[in-house]
Each structure stands twice: as structure tokens, then as C-alpha cells.
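Hi everyone, thanks for coming. Today I'd like to walk you through one structure, piece by piece. Please have a look at it on the screen before I begin.

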Number of protein chains: 2
Amino acid sequence: MIHKQKVRRSTRQRRLILDAVKDSLNHPSASDIYATLADSGIGIATIYRQLSALVEDGEIGSFEYQGEVRYDPIVQPHAHIVCSKCDKIWDVALPKGINNLAPTNDSFENFDVDLTWKGVCNDCR
Amino acid sequence: MIHKQKVRRSTRQRRLILDAVKDSLNHPSASDIYATLADSGIGIATIYRQLSALVEDGEIGSFEYQGEVRYDPIVQPHAHIVCSKCDKIWDVALPKGINNLAPTNDSFENFDVDLTWKGVCNDCR
DNA sequence: ATCACTATTGATAATGAATATCATTATCTT
DNA sequence: AAGATAATGATATTCATTATCAATAGTGAT
Ligand SMILES: [Mn+2]
Ligand SMILES: [Mn+2]
Ligand SMILES: [Zn+2]
Ligand SMILES: [Zn+2]
């Protein structure tokens, strides 16, 4: 029983939004992307819809921070460092062997890890 | 230069809210606590205010999940397992030695780690 | 116990992120 | 080119959380 693949049309809006995330450096929110594409005329609803769709399709990553969803051009698993002063976010490699440290009881099947270190960055000290 | 301690009054509302979180088992949200204390007459604004204050005072923990803040009776650092189907959350010990795996560049001072494993629980399979 | 000071409360308005609605438009298949 | 329908954009709506402010109630001093 193969799950039917949802047909996704290639629209100008989808391409622009994907490119904006792929070119981003700061884990942008939906309104960040909206601002970046301000002169494209893309509506805010489309920004939200396509960002969700792109995550669902595995084209981009996402996580929530400070009450809003942030998007990530990197889809490979990785960890983040956040500064609690300026709220900047950096990418960092997952600790080697972290998957071996997963809680292995056979009543749970792990498939994803969300790891964030919180601290104060150099600029804020 | 000691930082002046903010004076915090002991009110009936604060005590009830703290007790509700301490007695909780399901990482409740603000509205969960509001529901639990429904017959106490405590206003929703007070629920939010005191939950924030209790976190600030280190009396309870908190983290965000699925677009809302969840509160935690356990203040000691620990990790969570969440089921992406039923959204239930379990406590789990932090992997031993996780702090040694922190990204150690001297331009960043780590003091907190947020670790969540996401998967599908037994009931949902 | 009473007083004065002010932190806290509760009702409610306001904010901000995200979703729902729906007529119109654009994409894809034939 | 035509038909089917996914996608869009304007906007209304939902939902969590915060702001406002007059009234209330802890607290420390008398
Ligand atoms: Mn990242
Ligand atoms: Mn917990
Ligand atoms: Zn910083
Ligand atoms: Zn489950």
C-alpha cells in the first residue's frame, strides 16, 4: 500500500520562497521571508502556506523559537546555539554519537533529535 | 554590585498555581493550569503572569512545544521525548556526559541545554 | 491592630503569529 | 485549446499571550 504522492505545482511564489530560505543565513521566520520578498507581491498567506509545504516536502527545515517558527536552509540534522541576549542563532554539528545516546526502550522509535544550547554570545559580553 | 532581589509577595493565587504545576504530570500549558484551577476564581491574566514569574524565580521549568509554552515541575536539567502523533511528552535523563559534548569555542558560554527526541510512541503504533 | 505603600489581581482590550475562507488565477494533463 | 483543480491573495478568524488600569490585598513600620 504505497502512499499517494501529493501533486505539487511549481509556481513562481514557491520558487521564490524556497530560494529565499536557501539563501538565508539567520533562520528566518515567516514574516522575515515576507519582508525579504516584499516587492514580489506575494501574499502573507502564501508565505505561510508554502513554508509549511516546503517543510512537509523536506525541502527546508524548521523549528520553533521564541514563539514563532523559524526556517532553516539546512535539512541535515544539526544542533543550534542561541544567545539569550540578542536571540541570534548559530548552526553547530550534532555531538558525535548522539544517536547512540538516544533513550532506547523498545516502546519508542526515535527518528529525530532537537538539540539547542543556550548561552550568551561574545558580542553580548 | 549585588543585583537587587525583586520582592515577591506570597499570594493565594501564586501558591495555588505553583502547587498545580508541582502536582502536574503532563507538562501543562497555561490554559491547562487555568482549567485545573477553574473553581478558584483566578483570572487568566494572573495564570500567565505567575507562571512567567515562577519560571523567572526558578521554581518551575518551561519550554515551548507546538506553539505554546509548557510548564515543568522538574527544575533539574533533563531531556524530553515527544510523540508526534499524540503529542504526549515524557521525561528522560540527559545523556551522561552531554555537557562535555557542548560546542566549546571560547566565544560562547554555555549554560543550558534543550534536548528533545521526537518519535512515535507505543500506543500510536 | 492600624496605616501607608505598592505589588498583585481580574476584567478586558490589544497584539501577533498562524490558519480558514473563498472567489479568482495559474498550472498541468490530455 | 480546454477542462480539471491546485495555488493564490485579500481578508476574516482563531488562539496564545501581553498590556492596561482601577480595585484589592500583602507587608513592614508604627
Ligand atoms: Mn540551522
Ligand atoms: Mn519534563
Ligand atoms: Zn548575543
Ligand atoms: Zn503517541
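Let me start with a question: which polar backbone atom is 3.1 Å from a phosphate oxygen of DNA strand D? That atom belongs to Gly43(A). Keep in mind, as we go on, that this is a predicted model.

Let's stay with DNA strand D for a moment. It is surrounded by 22 residues, and the closest ones are Thr11(A), Thr46(A), Arg49(A), Arg9(B) and Val69(B). So you can see names from chain A and from chain B in that list. Of the strand D atoms that come within 4 Å of the protein, 54% belong to sugar and phosphate.

The bases are contacted too. Arg49(A) has a polar side-chain atom 2.6 Å from a base nitrogen of DNA strand D. From the other chain, an N or O atom in the side chain of Arg9(B) is 2.8 Å from a base nitrogen of this strand. As for the elements around it, helix 1 and helix 3 (44–56) of chain A, plus helix 3 (44–56) and strand 2 (68–72) of chain B, give two or more residues each to the surface near DNA strand D. Helix 3 of chain A gives the most, with 5 residues.

Now over to DNA strand C. Here, too, 22 residues surround the strand, with Arg9(A), Val69(A), Thr11(B), Thr46(B) and Arg49(B) as the closest. Sugar and phosphate make up 60% of the strand C atoms that come within 4 Å of the protein.

Three phosphate contacts are worth finding on your screen. The side chain of Thr11(B) places an N or O atom 2.7 Å from a phosphate oxygen of DNA strand C. Gly43(B) uses a polar backbone atom, 3.1 Å from a phosphate oxygen. Gln50(B) has a polar side-chain atom 3.1 Å from a phosphate oxygen as well. The largest share of the surface near this strand, 5 residues, is supplied by helix 3 of chain B.

How do the two protein chains relate to each other? A rotation of 180°, with 0.0 Å of shift along its axis, puts chain B on top of chain A with an RMSD of 0.1 Å. That is how a two-fold axis relates two copies. In chain B, the residue closest to the axis is Leu115(B), whose C-alpha is 2.3 Å away. And because 100% of chain B's interface residues are interface residues in chain A as well, the copies meet through the same surface.

Leu115 comes back in the largest nonpolar core. This core has 24 residues, and those touching the most other members are Leu94, Leu115 and Trp117 of chain A and Leu94, Leu115 and Trp117 of chain B. Strand 3 (79–83) and strand 5 (108–121) of both chain A and chain B each supply at least two core residues. Beyond its sequence neighbours within four places, Leu115(A) contacts residues including Leu94(A), Val113(B) and Leu115(B).

One last stop: the manganese ion, ligand 1. Its protein donors are His27(A), Asp72(A), His78(A), His80(A) and Asp91(A), at 2.0 to 2.3 Å. Two of these donors link distant parts of the chain: His27(A) sits in the loop between helix 1 and helix 2 of chain A, and Asp72(A) is in strand 2, 45 residues apart. Buried or exposed, those two, His27(A) and Asp72(A)? Both are buried.

Notes. Residues are numbered from 1 along each chain as its sequence is written. Chains are lettered from A and ligands numbered from 1 in the order in which they are written. This is a predicted model: local features need pLDDT of at least 70, side-chain atom pairs count only at pLDDT 80 or more; totals for chains, interfaces and linings use all residues. Side-chain values use heavy atoms; hydrogens and water are left out. Copies are superposed by least squares on the C-alpha atoms of residues with pLDDT of at least 70 in both. Contact means heavy atoms within 4.5 Å. A nonpolar core is a set of buried Ala, Val, Leu, Ile, Met, Phe, Trp, Tyr and Cys residues joined through side-chain atoms within 4.5 Å. Buried means under 20% relative accessible area, exposed over 50%, partly exposed in between (1.4 Å probe, protein chains only). Helices (H or I, at least four residues) and strands (E, at least two) are DSSP runs, numbered from the N terminus. Donors are N, O and S atoms within 2.8 Å of the metal (3.2 Å for Na, K and Ca); water is not among the atoms, so sites may look incomplete. A residue is near a molecule or strand if one of its heavy atoms lies within 4 Å of it. A polar contact is a pair of N or O atoms within 3.5 Å; within protein, one must be able to donate a hydrogen and the other to accept it, and residues adjacent in sequence count only if both atoms are side-chain atoms.
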